[in-house]
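Reader: I have a model open here and would like to talk through how its helices and its interior pack. Could you walk me through it?

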Amino acid sequence: MTVLYAFLWFAGISLLLGAMLAIASIVFEVKVDPKIPEITEALPGANCGGCGFSGCAACAEAIVKGEAKVSACPVGGQAVADQIAAIMGVDAGSVTRMRAQVMCSGTRDNAKQKYIYEGPHDCAAAMRLGGGPKECPNGCIGFGTCEMLCPQDAIHVENGVAVVRAEKCIGCGICVESCPKHIIKLIPFDAPVHVGCSSLDKGAVTRTYCEVGCIGCKMCTKVCETGAITVNGAIASIDYEKCTHCGKCVEKCPRKIIVFEEGKAKIEEPKPEAPVKEPEDKAAAEKPVAEPKAEIAEPVKPAQEPATAPTAEAVSAETKVEEPKAEESKVEETPVEEAAASEPKDAPAQNPADDSEKAEGKSDETK
């Protein structure tokens with residue numbers, strides 16, 4: 001009986017505590033907006049932090065509370081923004097997809113080194129030693145901190161400078177935050193042109209440590225018709241809302257620091273001219289070929305004219321030689337007929353017979 005009482009006692013306490021917890025969960029329930037899980041499901045789930053929040057769930061909560069825009073996710077782009085806007089019942093507007101771009105061209109061949117670094121391959125660690133091994137105070141250190149942190153493997157260090165592979169970049173901005181020199185920026189994904197330099201020194205100083213650094217000559221601003229490129233201090237910058245990708249600044253830049261990405265507008269511009277020239281060249285090349293064809297066809301025509309006989313499919317060389325002979329015989333016969341026609345009075349038709357009879361009489365006398 002003692003065991004039975006103990007069991008009933010503990011069962012009663014368990015039921016009582018369970019009821020208390022159930023009541024507490026109802027009383028102290030935290031109400032969650034049903035839109036938050038819907039938005040969280042609509043987000044790509046990268047949890048990259050590019051939106052400025054700790055993850056996609058935190059971003060969804062901020063959107064519902066009005067602390068972030070429906071287009072806060074840089075990875076999702078227009079499609080995700082439209083889905084979130086439909087859930088929130090608002091207009092998403094236009095969303096520009098962004099990508100990272102390293103604003104430096106100071107490779108090992110172009111930028112001078114001030115010392116040989118033998119520490120850990122981390123840009124933040126190298127920067128503590130005099131700003132890094134390069135003489136340029138604003139150049140890429142090139143030890144790949146951004147490369148290690150990129151969740152999409154979209155950025156790699158090549159020849160001492162980080163290079164972004166645009167097709168893999170999702171525009172999360174992790175590399176932008178990790179760069180100690182702050183020379184990685186987010187630009188429109190389809191933008192073909194950028195200024196590959198972040199130097200803030202004057203042109204005379206920039207020339208001493210970099211062969212391709214921007215010198216602030218403002219020649220690009222003079223040729224830009226839309227005012228999209230300006231020089232602030234000693235560095236040129238582009239306003240992508242005004243830029244028409246005409247490429248005039250690229251051609252005018254003496255340092256060749258304003259560059260186009262491959263496969264973008266710079267390469268597409270000369271293409272319309274090439275197809276126009278090609279047919280002209282082909283037509284010019286065909287003209288001299290067509291003329292000799294006409295000259296060769298002329299002598300062939302006489303050979304084809306006499307070949308009117310039904311049995312002659314291909315005229316041989318022998319028949320060609322005999323045909324002129326037949327023409328010569330015709331020429332000889334015509335004067336004979338003319339002579340015969342011109343002497344009808346002097347020589348009658350019976351004279352040849354009389355001559356033959358006289359010749360026979362003379363032969364009989366001789367005998």
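Author: Gladly, and one definition will help at the outset: a helix here is a DSSP run of H or I with at least four residues, numbered from the N terminus. Please keep in mind that this is a predicted model.

Reader: OK, so what follows α3, and what is its phi like?

Author: Helix α3 is followed by G66, and the phi of G66 is positive, near 85 degrees.

Reader: And which residues of α3 are buried?

Author: Within α3, which covers residues 56–65, the buried ones are C56, C59, A60, A62, I63 and V64, and the buried residues of this helix pack against α2 (35–42) and α4 (77–88).

Reader: How do α2 and α4 sit relative to each other, parallel or antiparallel?

Author: Their axes come within 10 Å and cross at roughly 170 degrees; angles over 145 degrees count as roughly antiparallel, and α2 and α4 are therefore roughly antiparallel to each other. The crossing of these two helices is right-handed.

Reader: Which residues meet there?

Author: From α2 there are K35, E38, I39 and A42, which meet V80, Q83, I84, I87 and M88 of α4. By class, that contact has six nonpolar, one polar and two charged residues.

Reader: Switching topic, how many residues are in the largest nonpolar core?

Author: It has 23 residues, and those with the most contacts inside it are V193, C220, I229, A236, I257 and I258. Strand β7 gives the most to this core, with three residues.

Reader: What does V193 touch, beyond its sequence neighbours?

Author: Leaving aside neighbours within four places in sequence, V193 is in contact with I238, Y240, C243, H245, V250, I258, V259 and F260. Another core, of 19 residues, lies apart from the largest one, and I36, A68, A72 and V80 are among its residues.

Technical notes. Residues are numbered from 1 along each chain as its sequence is written. This is a predicted model: local features need pLDDT of at least 70, side-chain atom pairs count only at pLDDT 80 or more; totals for chains, interfaces and linings use all residues. Side-chain values use heavy atoms; hydrogens and water are left out. A nonpolar core is a set of buried Ala, Val, Leu, Ile, Met, Phe, Trp, Tyr and Cys residues joined through side-chain atoms within 4.5 Å. Buried means under 20% relative accessible area, exposed over 50%, partly exposed in between (1.4 Å probe, protein chains only). Contact means heavy atoms within 4.5 Å. Axes are lines fitted to C-alpha atoms, for helices over the stretch in contact, and angles run from 0 to 180 degrees between N-to-C directions. Angles under 35 degrees count as roughly parallel, over 145 as roughly antiparallel, 65 to 115 as roughly perpendicular and the rest as oblique. A crossing is left-handed if the near helix is turned anticlockwise from the far one by less than a right angle, and right-handed if clockwise. Ala, Val, Leu, Ile, Met, Phe, Trp, Tyr, Cys and Pro count as nonpolar, Asp, Glu, Lys and Arg as charged, and the others, Gly among them, as polar.
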